[in-house]
Amino acid sequence: MEFKISKELIQELELLIQTKNDQQLEVLLNDMHHADIAEVLDELDFDEATYIFKVLDSDKTAEILLELEDDLRENILKRLSPKEIAEELDELETNDAADIIAELSQDLKAEVISELQDVEHAKDIVDLLRYAEDTAGGIMHKELVKVNENWNVLTCIKEMRIQAENISRVHSIYVVDDEDRLKGRLSLKDLLTTSSRTPINDVYIRKLNYVNIDTEDVEVARIMQKYDLEAIPVVDELGRLVGRITIDDIVDVIKEEADEDYQLAAGISQDVEADDSIIEHTKARLPWLVLALLGGFISVKVLGLFEGAMIEHGKLFFFTPLIAAMAGNVGVQSSAIIVQGLANNTLSGSVFNRLIKEVALSLLNGVILATILFVGSHYLLNVEIIIGVIVTVALISVIIIASLIGTFIPLLLDKFGIDPALATGPFITTSNDICGILIYFSIAKMILGF
């Protein structure tokens, strides 16, 4: 059953903090999951959250630290000494500890690392800090289980028992040579059902998926999703096994990428949270709003070119919002399909064939929608047949052009290394609005001859 924060729980915690009843605080919180405690701390003020954080043991608070909102974690870390932060990091796996240290100032990083008790743990953390956070090296764990291809089954089991003590979960057993180069993986079933004297070289699986330390995290996610992997090994430039990436790390990558694409599609150019400051939100939203405003100015200018037509044929004006809206909606639909295909790596065939398919699809949709519009405008709005013909022809043309723009723009952005999610936001909507209005009145001009 999912944990729900109650008002009574918050009040009880606040009372225990005020009375400094540390023992009762521990009793109340120790049976709770660390993710639930993090939710509770987010509901308290910084001082109260910090107090609880210092009361609980490091083996509990280390996991809580990872689940906290960024601003709360930053404030708690400011209230901890380098030694106290190091005590938390000693309880974490290397990649999680490296993520925490990366948030600290340069001077504080050095102090915290010097306070780490486990020298090997400290070395691994420092090694991970060398890699960019959006690469396989930046999200991998150093903790793993590996065996040498020259060992026998009995030796492997003995060594695995020692290595597994520092690992929370064993996903795979990797096989390396004397130079630590990755050779394959070992099936636990084969290990348990094979004679203890059998050489590992005779039983390990030589074919396996792996990634390099500089592989982008989204590419790692794609590979793990494609092959349904719970973990994947990471190798360096020489093919040496240096770490592993687990599915929980990839879930975070997928979530972050989805959040980023959603914000870009909504016209938000920076990563912001709901609780961020007004200034941060303004910086993230304003650029695309300015673009939309400029697009609006262009639309007004285009309408101005046909001012005489609107005076002489006033009913043309009333269909302008409809044409612009349909252009924007069709463009967003087409671009969303392409962006999704690019993200999932499921697009196949040439660009030309893709565009031909969009023309056929948009033509079919356009004819159906234009028929509905023609009948509705004539019988419900009493619009003259000639105006109805102009609107329906314009609607079909606009739908085709908008779908082509919505298909081509994300492909073009992707080719130049720009996130194609931009094409599902105000950029595509504004450009299609302008094109839709221009096409509409151009067709009206050709038919009516003004």
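In this predicted model, P233 stands opposite R244 in strand 6. The pairing of strand 5 (residues 231–235) with strand 6 is antiparallel and runs over five bridges. This briefing also covers an open three-stranded sheet, a set of eleven salt bridges, and the spans that UniProt lists as "transmembrane region" in an unreviewed entry.

**The hairpin of strands 5 and 6**

- Five residues separate strand 5 from strand 6, and the two strands form a hairpin.
- G239 lies in the turn of this hairpin and has a positive phi of about 80 degrees.
- Strand 6 covers residues 241–246 and is mostly covered, with six of its six residues buried.

**The open sheet and the FHA annotation**

- UniProt, in an unreviewed entry, lists residues 145–205 as "domain: FHA".
- The chain over residues 145–205 is 30% helix and 21% strand, and its end C-alpha atoms are 15 Å apart.
- An open sheet is formed by three strands in the order 1-2-3, with mixed pairing.
- Strand 1 (145–148) and strand 3 (182–186) stand at the edges with a single partner strand each, so one side of each has no neighbour in the sheet.
- From one strand to the next, the twist averages 35 degrees.
- Strand 1 pairs with strand 2 (residues 173–176) in the parallel sense, over four bridges.
- N148 is placed opposite V176 in strand 2.
- In a regular strand, side chains alternate between the two faces of the sheet.

**Salt bridges**

- Side chains of opposite charge can pair when their charged atoms come close.
- The structure holds eleven salt bridges.
- One of them joins the side chains of R79 and D47, at 3.3 Å from N to O.
- R79 lies in the loop between helix 6 (70–78) and helix 7 (82–89), whereas D47 lies in helix 4 (residues 46–55), so the pair ties together parts that are 32 residues apart in sequence.
- R79 is partly exposed at 33% relative accessibility, while D47 is exposed, with a relative accessible area of 55%.
- A salt bridge also links E120 to K123, with the closest N and O atoms 3.9 Å apart.
- E120 and K123 both belong to helix 10 (residues 119–128) and are three residues apart, about one turn of the helix.
- E120 counts as partly exposed, at 48% relative accessibility.
- R181 and D177 form a further salt bridge, in which the closest N and O atoms are 3.0 Å apart.
- R181 counts as partly exposed at 39% relative accessibility, but D177 is buried, with a relative accessible area of 7%.
- D70, R73 and E103 are joined into one network by salt bridges that share partners.

**Annotated transmembrane regions and a nonpolar patch**

- The unreviewed UniProt entry places "transmembrane region" at residues 286–304, 316–339, 359–381, 388–413 and 425–448.
- Residues 286–304 are 100% helix and 0% strand, and the end C-alpha atoms of this span lie 27 Å apart.
- Residues 388–413 are 100% helix and 0% strand, with end C-alpha atoms 37 Å apart.
- L286, L289, V290, L293, L294 and F297 make a nonpolar surface patch of about 600 Å².
- L286 has its place in helix 16 (residues 278–305).
- L286 is partly exposed, with a relative accessible area of 45%; this value passes the cut-off of over 30% that applies to residues of a patch.

Note on methods:
Residues numbered from 1 in each chain as written. Predicted model: local features only at pLDDT ≥ 70, side-chain atom pairs only at ≥ 80, totals over all residues. Heavy atoms only, no water. Patch = residues over 30% accessible without salt bridge, like charges linked within 9 Å, V, L, I, M, F, W, Y side chains within 5 Å. Areas by Shrake-Rupley, 256 points an atom, 1.4 Å probe, with all protein chains shown as cover. Salt bridge = Lys/Arg side-chain N within 4 Å of Asp/Glu carboxyl O. Buried < 20%, exposed > 50% of the residue type's maximum accessible area, 1.4 Å probe, protein only. UniProt positions renumbered as here; feature names shortened; annotations may be inferred. Pairing = 2+ DSSP bridges. Axes fitted to C-alpha atoms, helices over the stretch in contact; angles between N-to-C directions.
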